[in-house]
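Got the viewer open? Here is a short tour, with something to select at each stop.

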Amino acid sequence: MLSDFSRAISQLGDPRFRRVLFMGIGLTLLLLFGIYALFVGAISLFFPDSLTLPLIGTITWVDNLLSWATIPLIIGLSVFLMVPVASAFTGIFLDDVADAVEDRFYPHLTPAPRLSLAQGITDSLKFLGVILLANLVALFVYLIFIPFAPVIFWALNGFLLGREYFQLIAIRRLGPEGARKMRSRYMAQIWLAGGLMAIPLTVPLLNLLVPVLGAATFTHLFHRLNGTAKT
């Protein structure tokens, strides 16, 4: 499993890896900017430019003050949303990462069928919804078991990342049913590998590499478990 991870790290300089990484981060920043624009637009629509209060008088530029006040909120959202959203966007381009890994390490394999863009977007949105909902619910658990919060975070997100990435990689070679059966058979190893991916999630900047590293690592893991890797 560590060898799968180290192989993934060794290929970070691959242009196709960098392309997916930058596209994932870029699309995430674009989405966050869009959310901020919606907040500002809603404030301009529902709040007046000025407001008259008893004993105080008229306060001008109310909407601008509220718009500036949303900046800390957006920064907080970006910390929480950056990695899951980047992971979802990376899932759309997962075939590019998997193809790059297979071209370098498994050239004896025939090219795998690529997922359609519509299927990639659908799967990514489902994954985004699941990981956001699960982490929102887990916030209450973190507050109850504060000393164990990091372990719970790694275990939860390791399970989610492992399940999703392995499924997306395996489905390229085995189809949906074959991927599901293989995932069930090797769930313990998949969960452990996902946990390995979840640990860097708590490290700023390094966590942005997780989506690409995860896709590459699980490509190696799949071929090792499937017996298609040549040593």
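## Stop one: helix H4

Select residues 94-105, helix H4, and you'll find a mostly covered element: nine of its twelve residues are buried. The buried ones are Leu94, Asp95, Asp96, Val97, Ala98, Asp99, Ala100, Val101 and Glu102. From its first C-alpha to its last, H4 reaches 17 Å, close to the 16 Å expected. Keep in mind throughout that you're looking at a predicted model.

## Zoom out for a moment

Show the whole chain as a cartoon. There are eight helices and two strands, and from the N terminus on they run α-α-β-β-α-α-α-α-α-α. The protein has 231 residues, and 42% of them count as buried. Among contacts with a separation of 6 or more, 76% are between residues 24 or more positions apart. If you colour the surface by atom type, note that the exposed area is about 12,600 Å², with carbon and sulfur atoms supplying 74% of it.

## Back to H4, for the charges

Side chains of opposite charge can pair when their charged atoms come close. The structure holds nine salt bridges, and a few of them start from H4.

Select Asp103 and Arg16 first. They form a salt bridge, with the closest N and O atoms 3.0 Å apart. Asp103 lies in helix H4 and Arg16 in helix H2 (residues 15-46), so this pair ties together parts that are 87 residues apart in sequence. Buried or exposed, how does Asp103 count? Neither, quite: at 48% relative accessibility, Asp103 counts as partly exposed. Arg16 is partly exposed too, with a relative accessible area of 34%.

Next, pick Arg19 and Asp96. Their salt bridge has its closest N and O atoms 2.9 Å apart. This pair also links distant parts of the chain, with Arg19 in helix H2, Asp96 in helix H4, and their positions 77 residues apart. Arg19 is partly exposed at 42% relative accessibility, whereas Asp96, with a relative accessible area of 16%, is buried.

Now move to Arg172 and Asp95, a salt bridge with closest N and O atoms 2.7 Å apart. Here the link runs from Arg172 in helix H6 to Asp95 in helix H4, 77 residues apart. Both ends are buried: Arg172 has 5% relative accessibility and Asp95 has 6%. Add Asp99, Glu102 and Arg173 to the selection, and you have one network, joined by salt bridges that share partners.

While Asp99 is lit up, stay on it. Asp99 is buried because its relative accessibility is 15%, under the 20% cut-off. Leaving out residues up to four places away in sequence, Asp99 touches Arg16, Arg114 and Arg172.

## Along helix H6

Select Glu177, in helix H6 (residues 149-185). Glu177 is partly exposed, at 42% relative accessibility. The side chain of Glu177 makes a polar contact with the side chain of Arg180 at 2.5 Å. For a distance check, draw a line from the C-alpha of Glu177 to that of Gln167: it spans 10.0 Å, for residues ten apart along the chain.

## Two last selections

Which residues form a nonpolar patch on the surface? Select Val141, Ile144, Phe145, Phe148 and Val151, which together have about 490 Å² of accessible area. Val141 sits in helix H5 (residues 117-144) and counts as partly exposed, at 32% relative accessibility.

Finish at Thr217 in helix H8 (residues 210-226). Thr217 is buried, at 2% relative accessibility. Show what Thr217 touches, ignoring residues up to four places away in sequence, and you get Asp4, Phe5, Ala8 and Met197.

How values were computed:
Residues numbered from 1 in each chain as written. Predicted model: local features only at pLDDT ≥ 70, side-chain atom pairs only at ≥ 80, totals over all residues. Heavy atoms only, no water. Helix = DSSP H or I, 4+ residues; strand = E, 2+ residues; numbered from the N terminus. Expected span 1.5 Å × (residues − 1). Buried < 20%, exposed > 50% of the residue type's maximum accessible area, 1.4 Å probe, protein only. Contact = heavy atoms within 4.5 Å. Areas by Shrake-Rupley, 256 points an atom, 1.4 Å probe, with all protein chains shown as cover. Patch = residues over 30% accessible without salt bridge, like charges linked within 9 Å, V, L, I, M, F, W, Y side chains within 5 Å. Salt bridge = Lys/Arg side-chain N within 4 Å of Asp/Glu carboxyl O. Polar contact = N/O pair within 3.5 Å; in protein donor to acceptor, adjacent residues only side chain to side chain.
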